[in-house]
Amino acid sequence: MHETKTFPDPIVILGAGHAGVAVAAGLRTQGWDERIVLVDADPGLPYERPPLSKELLKPGSAGHATPLRRAGYYEERGIETLLGLQATSIDADNHTVTLSDGSSRKYHRLVIATGSTARALRIPGGDLPGVQTLKTFDDATRLRGQLTKGARIVVVGAGYIGLEVAAAAAALGCDVTVLEFQDRVMSRVTSEPVSRFFEHHHEDHGVRFVFGAAVTAVEGTDRAQHVLTADGGRYPADVVIAGIGVVPNQGLAEAAGIECNDGILVDEHGRTSHPAVYAAGDATRFSSPFDGSSLRLECIQNAMAQAECIVHHILDKPRNGTEIPWFWTVQHGVRLQTAGVRHPDDELIVRGAVEDRKFSVVYLRKGRLSAVDTVDSLKDFMAAKKLIGAGASLDATLVSAPDVPLAQAVISSSSS
Ligand SMILES: Cc1cc2nc3c(=O)[nH]c(=O)nc-3n(C[C@H](O)[C@H](O)[C@H](O)COP(=O)(O)OP(=O)(O)OC[C@H]3O[C@@H](n4cnc5c(N)ncnc54)[C@H](O)[C@@H]3O)c2cc1C
């Protein structure tokens, strides 16, 4: 165990998800040898979430969670874990957290990494058995058990998670219908060409889409049987999956008087409005270092990057560069990788052949590269990450030629 050396109280981390574990691990790796306490409401060994909608739902899946760190890791590094305990309140002025067993912990620094909660279907029948969201290992296990051949699966919401579930269910022989309010898939995160590509890709695997669908109720006696839409649609369902976004878990921070606005507000170091309290991951909102826009990002890269910023700030160590946001999703074996954050008004250029399933969509804002979506185009993804970071402006004609490497389309960059 690590003995107390300088500070009587530990660094307490609320939430042992991707961000919380990365803060604990990063502090140890970077040389913090004082006490660290990691608290999570979930009693199990902290695990990764991306496999819950991918590997875990695959035919023949082993059905195990993928641990973020192996058993024994925390003890070996002197990270005290309090698993199965929820933090119920924070007294920021007195540096104290209260836990669900009634105990309280003093802290030297507090890190709130409580993640987000999947938005539930708040409509009549939305609480019937058979209706669920996908956030935890238990959710994934329950869902996997119901994805049997011929089962009728209605997915509400064609975002990343809804589409990954649709792909997994189709691969398991289910009858899959996706109901989406917008007129295309992943409309919040990508452009029309990418949406249409994935729509057709899913249809090729037997998934049906209904766009413009406003879901109004789930009907059933003992469990879900039909999903109703505003236009009179009635879709038979054995299982209903709501993939309609997440809500940041900011309640603890808000009640403690820490500034929140659809996310706990943090600066570039992960600091909240209270000097001894940091926050990271899905629970936070921050200003983009690239264009100043207000962002709430639900992805591993953001959780890890913010964790790293916090570690460096606590240890008063300089940190090199700012990593640009990136995301990925895998649907029916096709990987979409996105670098940067696109704005709907950005100019878009398609590179490569959509029909060959190897293409990129490049987004330019007043000539400057803001984001790229790549399908099986790792080179463009890697190049774009660097170029966005460098503030590169690109020649649109050269960008549209897929044989010209993106780096050769650079006209100027703000870092040169
Ligand atoms: C099914 C699924 C698939 C995904 N796929 C991808 C993907 O392919 N790529 C990608 O980049 N991102 C993906 N994501 C998103 C990614 O998992 C999240 O962005 C990431 O987990 C955020 O990390 P976090 O630490 O902020 O939150 P989490 O990892 O959610 O961890 C938060 C933790 O806080 C705990 N907690 C909450 N409240 C309290 C409390 N009061 N007291 C104690 N503990 C508390 C929770 O139990 C939880 O363990 C996926 C998410 C899901 C659900």
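The exercises below, each with a worked solution, concern a predicted model.

Residues are numbered from 1 along each chain as its sequence is written, and side-chain values rest on heavy atoms, with hydrogens and water left out. Because the model is predicted, local features need pLDDT of at least 70 and side-chain atom pairs count only at pLDDT 80 or more, whereas totals for chains, interfaces and linings use all residues.

**Exercise 1. Cysteines**

Determine how many disulfides the model holds, and decide whether Cys174 and Cys299 are buried or exposed.

Solution. Start from the criterion, by which a disulfide is a pair of cysteine sulfur atoms within 2.5 Å. Applied to this model, that rule gives a count of zero disulfides. Cys299, for instance, takes part in no disulfide, and the nearest cysteine sulfur, which belongs to Cys309, is 13 Å away. For the second part, take the accessibility classes, in which buried means under 20% relative accessible area, exposed means over 50% and partly exposed lies in between (1.4 Å probe, protein chains only). Cys174 is buried because its relative accessible area is 11%, and Cys299 counts as buried because its relative accessibility is 11%.

**Exercise 2. Surroundings of the ligand**

State how many residues surround the ligand, and find which backbone atoms of Ala19, Cys299 and Ile300 lie by its oxygen atoms.

Solution. First collect the residues that are near the ligand, meaning that one of their heavy atoms lies within 4 Å of it. There are 29 such residues, and the closest are Ala19, Asp40, Arg49, Lys54 and Asp282. Next look for polar contacts, which are pairs of N or O atoms within 3.5 Å (within protein, one must be able to donate a hydrogen and the other to accept it, and residues adjacent in sequence count only if both atoms are side-chain atoms). A backbone N or O atom of Ala19 is 2.8 Å from an oxygen atom of the ligand. For Cys299, a polar backbone atom lies 3.0 Å from a ligand oxygen atom, and for Ile300 the corresponding separation is 2.9 Å. Finally, place one of the closest residues in the fold: Asp40 sits in strand E2 (residues 36-40), where strands (E, at least two residues) and helices (H or I, at least four) are DSSP runs numbered from the N terminus. Asp40 is buried because its relative accessible area is 17%, and its C-alpha atom is 28 Å from that of Gly126, 86 residues apart along the chain.

**Exercise 3. The second largest pocket**

Describe the volume and the lining of the second largest pocket.

Solution. Begin with the definition: on a 1 Å grid over the protein atoms alone, a pocket is an open set of points where a 1.4 Å probe fits, with protein on both sides within 12 Å along at least five of seven lines, and lining residues have an atom within 4 Å of a point. The second largest pocket holds about 460 Å³, a volume being the space filled by probe spheres set on the points, which are joined across faces, edges and corners. Its lining has 26 residues, of which Glu268, His269, Cys309, Arg319 and Thr322 lie nearest the centre. Strand E20 (284-287) and helix H7 (300-314) each supply at least two lining residues, and H7 gives the most, with seven. By residue class, the lining divides into ten nonpolar, ten polar and six charged residues, with Ala, Val, Leu, Ile, Met, Phe, Trp, Tyr, Cys and Pro counted as nonpolar, Asp, Glu, Lys and Arg as charged, and the others, Gly among them, as polar.

**Exercise 4. Positive phi angles**

Locate Arg357 and Lys366, and give their phi values.

Solution. Arg357, which is not a glycine, has a positive phi near 60 degrees, and it is found in the loop between strand E24 (347-353) and strand E25 (358-365). Arg357 is partly exposed because its relative accessible area is 38%. Lys366 likewise has a positive phi, of about 50 degrees, although it is not a glycine; Lys366 lies in the loop between E25 and strand E26 (368-375). Lys366 is exposed because its relative accessible area is 86%.

**Exercise 5. Separations along the chain and in space**

Find how many residues along the chain, and what C-alpha distance, separate Asp91 from Ala256.

Solution. Asp91 belongs to strand E4 (residues 87-91) and is partly exposed because its relative accessible area is 33%. Asp91 and Ala256 are 165 residues apart along the chain, while their C-alpha atoms are separated by 6.2 Å.
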